[in-house]
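Trainee: I would like to take a close look at one part of this protein and see how it fits with the rest. Could you go through it slowly with me?

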Amino acid sequence: MTIVKHSATLHGHRTSITLEEPFWQELKSIAQSRGMPLARLIAEVDDGRSPDGNLSSALRVYVLAWVKSRTDATETP
């Protein structure tokens, strides 16, 4: 699986994010479905993560939680 380095501006500072392409594509899809720019979604995840945590990892966990919440919603009777 290809890991790609992306750049984003968060709170006026450039940062580098290293994510596998499926996570990056899903992040873009989530931002679109929430009607927000991708940079704002990334900043939201960044603001909510532990200061000891890694942004790329926090984004992966966010994507996983988003997908699981959608799956759980469709499986609930």
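In which helix is aspartate 47 found, and what surrounds that part of the chain?

Mentor: Aspartate 47 is found in helix α2, so let us take that helix as our part, keeping in mind that the model in front of you is predicted. To place the helix, begin with the whole protein, whose secondary structure comes to three helices and two strands, arranged along the sequence in the pattern β-β-α-α-α. The C-alpha trace spans about 45 × 30 × 25 Å along its principal axes, and of the 77 residues in the protein, 30% are buried.

Now look at three consecutive positions towards the end of α2, which covers residues 38–48. Valine 45 lies in this helix, and because its relative accessibility is 9%, below the 20% cut-off, valine 45 counts as buried. Aspartate 46, also in α2, has a relative accessibility of 19%, so this residue too falls under the 20% limit and counts as buried. Aspartate 47, by contrast, is exposed, because its relative accessible area of 52% is over the 50% cut-off.

The partners of these residues can be followed in the same order. Leaving out residues up to four places away in sequence, valine 45 touches Ala58, Leu59 and Tyr62, while its C-alpha is 9.7 Å from that of valine 61, a residue 16 places apart from it in sequence. With the same neighbours left out, aspartate 46 touches Leu10 and Leu55. For aspartate 47, consider histidine 11: the two are 36 residues apart in sequence, yet 9.9 Å apart in space from C-alpha to C-alpha.

Turn next to tyrosine 62, which we have just met as a partner of valine 45. Apart from its neighbours within four places in sequence, tyrosine 62 is in contact with Leu27, Ile30, Arg34, Leu41, Glu44 and Val45. Tyr62 is also one of the residues that touch the most other members of the largest nonpolar core, a set of 19 residues, together with Ile17, Leu27, Leu41, Ile42 and Leu59. The elements that give two or more residues to this core are β1 (3–10), β2 (13–20), α1 (21–33), α2 and α3 (55–75), and α3 provides the largest share, with six residues. In soluble globular proteins, nonpolar side chains tend to be buried together.

Finally, consider how α2 meets α1. The axes of the two helices come within 9 Å and cross at roughly 105°, and because this angle falls between 65 and 115 degrees, α1 and α2 are roughly perpendicular to each other. On the α1 side the contact is made by Trp24, Leu27, Lys28, Ile30 and Ala31, and on the α2 side by Leu38, Leu41 and Ile42.

As for α1 itself, its 13 residues reach 18 Å from the first C-alpha to the last, close to the 18 Å expected at 1.5 Å a residue. The buried residues of α1 are Trp24, Leu27, Ile30 and Ala31, and because they cover an arc of only 120° around the axis, they lie on the same side of the helix. Gln32 and Ser33, on the other side of α1, are exposed. After α1 comes glycine 35, whose phi is positive, near 65°.

How values were computed. Residues are numbered from 1 along each chain as its sequence is written. This is a predicted model: local features need pLDDT of at least 70, side-chain atom pairs count only at pLDDT 80 or more; totals for chains, interfaces and linings use all residues. Side-chain values use heavy atoms; hydrogens and water are left out. Helices (H or I, at least four residues) and strands (E, at least two) are DSSP runs, numbered from the N terminus. Buried means under 20% relative accessible area, exposed over 50%, partly exposed in between (1.4 Å probe, protein chains only). Contact means heavy atoms within 4.5 Å. A nonpolar core is a set of buried Ala, Val, Leu, Ile, Met, Phe, Trp, Tyr and Cys residues joined through side-chain atoms within 4.5 Å. The expected span of a helix is 1.5 Å times one less than its number of residues. The arc is that of the directions from the helix axis to the C-beta atoms. Axes are lines fitted to C-alpha atoms, for helices over the stretch in contact, and angles run from 0 to 180 degrees between N-to-C directions. Angles under 35 degrees count as roughly parallel, over 145 as roughly antiparallel, 65 to 115 as roughly perpendicular and the rest as oblique.
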